[in-house]
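User: Please look at the model shown here and work through its confidence, its helix packing and one of its pockets.

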Amino acid sequence: LFAGAAVWFATTASSGSFSRWLDAVGELDPRHVDYFVLDLLSIVLLIPAVLLGVLATGPRPVGYLTSVSGRMRWGWLGVTALIASAVSLVTIGCSVAVTALTDPSEVSAPSQVDSRAAIALVAVLLVVPFQAAAEEYLFRGYLMQLVGSWSRFAIVPVVVTTPLFVAGHGYGLWGLLDVGLFGLTAAILTIRTGGLEAAIAAHAANNVVLFALDALGVLAATDDSGAGPLDLVPSAVASL
(Lines give C-alpha, C1' and ligand atoms only; values in the text may rest on other atoms or scores of the structure.)
Protein backbone atom coordinates (compact mmCIF):
# COMPACT_ATOMS: atom_id res chain seq x y z
CA LEU A 1 0.00 0.00 0.00
CA PHE A 2 2.76 2.44 0.93
CA ALA A 3 4.75 1.51 -2.20
CA GLY A 4 1.67 2.17 -4.29
CA ALA A 5 1.20 5.53 -2.59
CA ALA A 6 4.83 6.44 -3.34
CA VAL A 7 4.38 5.59 -7.02
CA TRP A 8 1.19 7.65 -7.12
CA PHE A 9 3.00 10.65 -5.65
CA ALA A 10 5.86 10.29 -8.13
CA THR A 11 3.63 10.03 -11.19
CA THR A 12 1.03 12.68 -10.37
CA ALA A 13 2.91 15.43 -8.54
CA SER A 14 3.55 17.27 -11.81
CA SER A 15 0.10 16.69 -13.31
CA GLY A 16 -1.95 18.66 -10.82
CA SER A 17 -3.48 15.58 -9.14
CA PHE A 18 -1.36 16.15 -6.05
CA SER A 19 -2.74 19.64 -5.56
CA ARG A 20 -6.27 18.27 -6.04
CA TRP A 21 -5.55 15.68 -3.36
CA LEU A 22 -4.42 18.41 -0.96
CA ASP A 23 -7.74 20.17 -1.61
CA ALA A 24 -9.60 16.89 -0.89
CA VAL A 25 -7.71 15.96 2.28
CA GLY A 26 -10.09 14.97 5.06
CA GLU A 27 -13.14 14.40 2.88
CA LEU A 28 -12.70 10.59 2.97
CA ASP A 29 -14.88 9.98 -0.06
CA PRO A 30 -14.46 6.38 -1.29
CA ARG A 31 -15.92 7.39 -4.65
CA HIS A 32 -12.54 9.07 -5.29
CA VAL A 33 -10.50 5.98 -4.49
CA ASP A 34 -7.00 7.39 -4.96
CA TYR A 35 -7.60 10.37 -2.66
CA PHE A 36 -9.52 8.18 -0.22
CA VAL A 37 -6.67 5.67 0.09
CA LEU A 38 -4.03 8.38 0.49
CA ASP A 39 -6.08 10.10 3.20
CA LEU A 40 -6.36 6.81 5.09
CA LEU A 41 -2.68 5.95 4.63
CA SER A 42 -1.75 9.30 6.16
CA ILE A 43 -3.63 8.12 9.27
CA VAL A 44 -2.19 4.59 9.11
CA LEU A 45 1.27 6.13 9.48
CA LEU A 46 0.34 6.73 13.12
CA ILE A 47 0.94 3.02 13.79
CA PRO A 48 4.68 2.95 13.01
CA ALA A 49 5.07 6.45 14.43
CA VAL A 50 3.59 5.48 17.80
CA LEU A 51 5.32 2.09 17.96
CA LEU A 52 8.72 3.53 17.05
CA GLY A 53 8.26 6.37 19.53
CA VAL A 54 7.45 3.97 22.38
CA LEU A 55 10.22 1.60 21.30
CA ALA A 56 12.73 4.46 21.44
CA THR A 57 11.59 6.01 24.72
CA GLY A 58 10.21 3.10 26.77
CA PRO A 59 10.05 2.49 29.59
CA ARG A 60 8.06 -0.70 28.98
CA PRO A 61 8.39 -3.07 26.00
CA VAL A 62 6.45 -1.81 23.00
CA GLY A 63 4.17 -4.86 23.03
CA TYR A 64 2.41 -3.60 26.14
CA LEU A 65 0.99 -0.77 24.06
CA THR A 66 -1.27 -3.42 22.51
CA SER A 67 -2.35 -5.42 25.55
CA VAL A 68 -1.43 -6.54 29.05
CA SER A 69 -0.08 -9.72 27.44
CA GLY A 70 2.59 -7.71 25.65
CA ARG A 71 1.29 -8.69 22.21
CA MET A 72 -1.74 -8.69 19.96
CA ARG A 73 -4.15 -11.39 21.15
CA TRP A 74 -5.21 -12.53 17.69
CA GLY A 75 -7.85 -15.02 18.81
CA TRP A 76 -9.53 -12.39 20.96
CA LEU A 77 -9.29 -9.89 18.09
CA GLY A 78 -11.06 -12.39 15.85
CA VAL A 79 -13.85 -13.01 18.35
CA THR A 80 -14.45 -9.31 18.94
CA ALA A 81 -14.30 -8.61 15.20
CA LEU A 82 -17.14 -11.07 14.59
CA ILE A 83 -19.22 -9.56 17.39
CA ALA A 84 -18.49 -5.98 16.32
CA SER A 85 -19.29 -6.75 12.68
CA ALA A 86 -22.68 -8.20 13.63
CA VAL A 87 -23.45 -5.24 15.89
CA SER A 88 -22.46 -2.67 13.24
CA LEU A 89 -24.37 -4.41 10.45
CA VAL A 90 -27.54 -4.59 12.55
CA THR A 91 -27.45 -1.10 14.08
CA ILE A 92 -26.33 0.76 10.95
CA GLY A 93 -28.59 -1.36 8.74
CA CYS A 94 -31.61 -0.63 10.91
CA SER A 95 -30.71 3.06 11.01
CA VAL A 96 -30.51 3.23 7.20
CA ALA A 97 -33.82 1.36 6.88
CA VAL A 98 -35.60 3.69 9.29
CA THR A 99 -34.15 6.76 7.57
CA ALA A 100 -35.26 5.45 4.18
CA LEU A 101 -38.82 5.20 5.49
CA THR A 102 -38.94 8.51 7.34
CA ASP A 103 -36.66 10.72 5.22
CA PRO A 104 -35.93 9.11 1.84
CA SER A 105 -33.87 12.10 0.72
CA GLU A 106 -31.12 11.17 3.18
CA VAL A 107 -30.38 7.73 1.68
CA SER A 108 -30.32 6.23 -1.80
CA ALA A 109 -30.77 2.79 -3.26
CA PRO A 110 -27.43 0.97 -3.76
CA SER A 111 -25.88 1.83 -7.11
CA GLN A 112 -24.80 -0.77 -9.59
CA VAL A 113 -21.52 -2.37 -8.51
CA ASP A 114 -19.37 -1.32 -11.45
CA SER A 115 -15.58 -1.48 -11.57
CA ARG A 116 -15.23 1.82 -9.69
CA ALA A 117 -17.48 0.69 -6.87
CA ALA A 118 -15.75 -2.70 -6.71
CA ILE A 119 -12.33 -1.06 -6.41
CA ALA A 120 -13.68 1.27 -3.73
CA LEU A 121 -15.07 -1.66 -1.74
CA VAL A 122 -11.74 -3.49 -1.96
CA ALA A 123 -9.95 -0.34 -0.77
CA VAL A 124 -12.36 -0.02 2.15
CA LEU A 125 -11.81 -3.63 3.23
CA LEU A 126 -8.02 -3.45 2.89
CA VAL A 127 -7.22 -0.03 4.32
CA VAL A 128 -9.99 1.04 6.71
CA PRO A 129 -9.17 -1.58 9.41
CA PHE A 130 -5.61 -0.22 9.56
CA GLN A 131 -6.92 3.35 9.78
CA ALA A 132 -9.13 2.33 12.71
CA ALA A 133 -6.24 0.49 14.39
CA ALA A 134 -3.99 3.52 13.97
CA GLU A 135 -6.42 5.79 15.79
CA GLU A 136 -6.79 3.23 18.57
CA TYR A 137 -3.02 2.89 18.98
CA LEU A 138 -2.71 6.64 19.35
CA PHE A 139 -5.70 7.49 21.52
CA ARG A 140 -6.52 4.31 23.48
CA GLY A 141 -2.99 2.94 23.41
CA TYR A 142 -0.30 5.56 23.78
CA LEU A 143 -2.24 8.53 25.13
CA MET A 144 -4.36 6.55 27.61
CA GLN A 145 -1.27 4.86 29.04
CA LEU A 146 0.61 8.15 29.15
CA VAL A 147 -2.17 10.04 30.94
CA GLY A 148 -2.94 6.97 33.04
CA SER A 149 0.59 7.02 34.42
CA TRP A 150 -0.18 10.40 35.95
CA SER A 151 -3.05 9.17 38.11
CA ARG A 152 -4.19 6.08 39.99
CA PHE A 153 -7.79 6.60 38.82
CA ALA A 154 -8.79 4.99 35.51
CA ILE A 155 -11.38 7.68 34.84
CA VAL A 156 -8.65 10.31 34.38
CA PRO A 157 -7.19 9.01 31.09
CA VAL A 158 -10.71 8.37 29.80
CA VAL A 159 -11.84 11.94 30.52
CA VAL A 160 -8.64 13.45 29.11
CA THR A 161 -8.23 11.41 25.92
CA THR A 162 -11.85 11.23 24.75
CA PRO A 163 -12.10 14.99 24.00
CA LEU A 164 -8.74 14.75 22.19
CA PHE A 165 -10.19 11.98 20.04
CA VAL A 166 -13.25 14.11 19.32
CA ALA A 167 -11.05 17.08 18.40
CA GLY A 168 -9.44 14.99 15.67
CA HIS A 169 -12.71 14.90 13.70
CA GLY A 170 -14.15 17.78 11.71
CA TYR A 171 -17.88 17.26 12.22
CA GLY A 172 -20.75 19.36 13.47
CA LEU A 173 -22.21 19.16 16.98
CA TRP A 174 -24.13 15.90 16.65
CA GLY A 175 -21.37 14.26 14.68
CA LEU A 176 -18.84 15.18 17.37
CA LEU A 177 -21.14 13.87 20.11
CA ASP A 178 -21.39 10.63 18.15
CA VAL A 179 -17.59 10.43 17.95
CA GLY A 180 -17.34 11.19 21.66
CA LEU A 181 -19.76 8.39 22.48
CA PHE A 182 -17.65 5.95 20.51
CA GLY A 183 -14.43 7.27 22.08
CA LEU A 184 -15.87 6.71 25.54
CA THR A 185 -16.96 3.20 24.59
CA ALA A 186 -13.57 2.34 23.11
CA ALA A 187 -11.81 3.60 26.24
CA ILE A 188 -14.00 1.45 28.49
CA LEU A 189 -13.48 -1.57 26.24
CA THR A 190 -9.72 -1.06 26.38
CA ILE A 191 -9.62 -0.82 30.17
CA ARG A 192 -12.06 -3.68 30.82
CA THR A 193 -10.43 -6.11 28.35
CA GLY A 194 -6.82 -5.13 29.01
CA GLY A 195 -5.98 -4.35 25.41
CA LEU A 196 -6.82 -2.60 22.17
CA GLU A 197 -8.32 -5.58 20.33
CA ALA A 198 -11.99 -4.97 21.17
CA ALA A 199 -11.72 -1.24 20.48
CA ILE A 200 -9.97 -1.86 17.16
CA ALA A 201 -12.64 -4.39 16.18
CA ALA A 202 -15.48 -2.01 17.06
CA HIS A 203 -13.84 0.93 15.29
CA ALA A 204 -12.98 -1.06 12.17
CA ALA A 205 -16.40 -2.70 11.88
CA ASN A 206 -18.24 0.61 12.20
CA ASN A 207 -16.04 2.38 9.64
CA VAL A 208 -15.99 -0.49 7.15
CA VAL A 209 -19.79 -0.72 7.10
CA LEU A 210 -20.24 3.06 6.75
CA PHE A 211 -17.61 3.48 4.03
CA ALA A 212 -18.89 0.42 2.16
CA LEU A 213 -22.36 1.98 2.08
CA ASP A 214 -20.76 5.24 0.96
CA ALA A 215 -18.93 3.44 -1.86
CA LEU A 216 -22.25 1.97 -2.98
CA GLY A 217 -23.86 5.41 -3.00
CA VAL A 218 -26.31 4.66 -0.19
CA LEU A 219 -25.14 7.47 2.10
CA ALA A 220 -22.31 9.93 2.69
CA ALA A 221 -20.37 8.50 5.60
CA THR A 222 -18.65 11.73 6.65
CA ASP A 223 -21.50 14.15 5.96
CA ASP A 224 -23.33 14.99 9.18
CA SER A 225 -24.82 18.27 7.98
CA GLY A 226 -28.37 17.04 8.56
CA ALA A 227 -27.68 15.17 11.79
CA GLY A 228 -29.79 15.54 14.91
CA PRO A 229 -30.22 13.94 18.35
CA LEU A 230 -31.97 10.87 16.90
CA ASP A 231 -28.80 10.06 14.97
CA LEU A 232 -27.12 9.22 18.27
CA VAL A 233 -29.53 6.33 18.90
CA PRO A 234 -27.79 3.75 16.67
CA SER A 235 -24.41 4.64 18.19
CA ALA A 236 -25.80 4.41 21.70
CA VAL A 237 -27.31 0.99 20.97
CA ALA A 238 -24.08 -0.22 19.34
CA SER A 239 -22.00 1.08 22.24
CA LEU A 240 -24.17 -0.70 24.80
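The questions and answers below take these topics in turn.

User: Which helix has the highest confidence in the protein chain?
Analyst: This is a predicted model, in which local features need pLDDT of at least 70, side-chain atom pairs count only at pLDDT 80 or more, and totals for chains, interfaces and linings use all residues. Residues are numbered from 1 along each chain as its sequence is written, and side-chain values use heavy atoms, with hydrogens and water left out. The chain averages a pLDDT (the predictor's confidence in each residue, from 0 to 100) of 89, and 89% of the residues score at least 70. Among helices, which are DSSP runs of H or I of at least four residues, numbered from the N terminus, the mean is lowest, at 53, in H2 (residues 17-24), and highest, at 97, in helix H9 (residues 197-215).

User: At what angle do H5 and H9 pack?
Analyst: Among the residues in contact (heavy atoms within 4.5 Å) are Trp76 and Leu77 of H5, and Glu197 and Ala198 of H9. By class, this contact has 15 nonpolar, four polar and one charged residues, where Ala, Val, Leu, Ile, Met, Phe, Trp, Tyr, Cys and Pro count as nonpolar, Asp, Glu, Lys and Arg as charged, and the others, Gly among them, as polar. With axes (lines fitted to C-alpha atoms over the stretch in contact, with angles from 0 to 180 degrees between N-to-C directions) 8 Å apart, helix H5 (residues 74-102) and H9 pack at an angle of about 40°.

User: At roughly what angle do the axes of H6 and H7 cross?
Analyst: The contact includes Phe139 and Leu143 of H6 together with Val160 and Leu164 of H7, and its classes are ten nonpolar, two polar and two charged residues. The axes of H6 (residues 115-148) and H7 (residues 155-167) come within 9 Å and cross at roughly 140°.

User: Which helix supplies the largest share of the lining of the second largest pocket?
Analyst: The lining has 28 residues, with Arg60, Tyr64, Met144, Gln145 and Leu146 nearest the pocket centre. Helices H4 (46-57), H6 and H8 (173-193) each supply at least two lining residues, and the largest share, six residues, comes from H6.

Key:
On a 1 Å grid over the protein atoms alone, a cavity is a set of points where a 1.4 Å probe fits but cannot get out, and a pocket is an open set with protein on both sides within 12 Å along at least five of seven lines; lining residues have an atom within 4 Å of a point.
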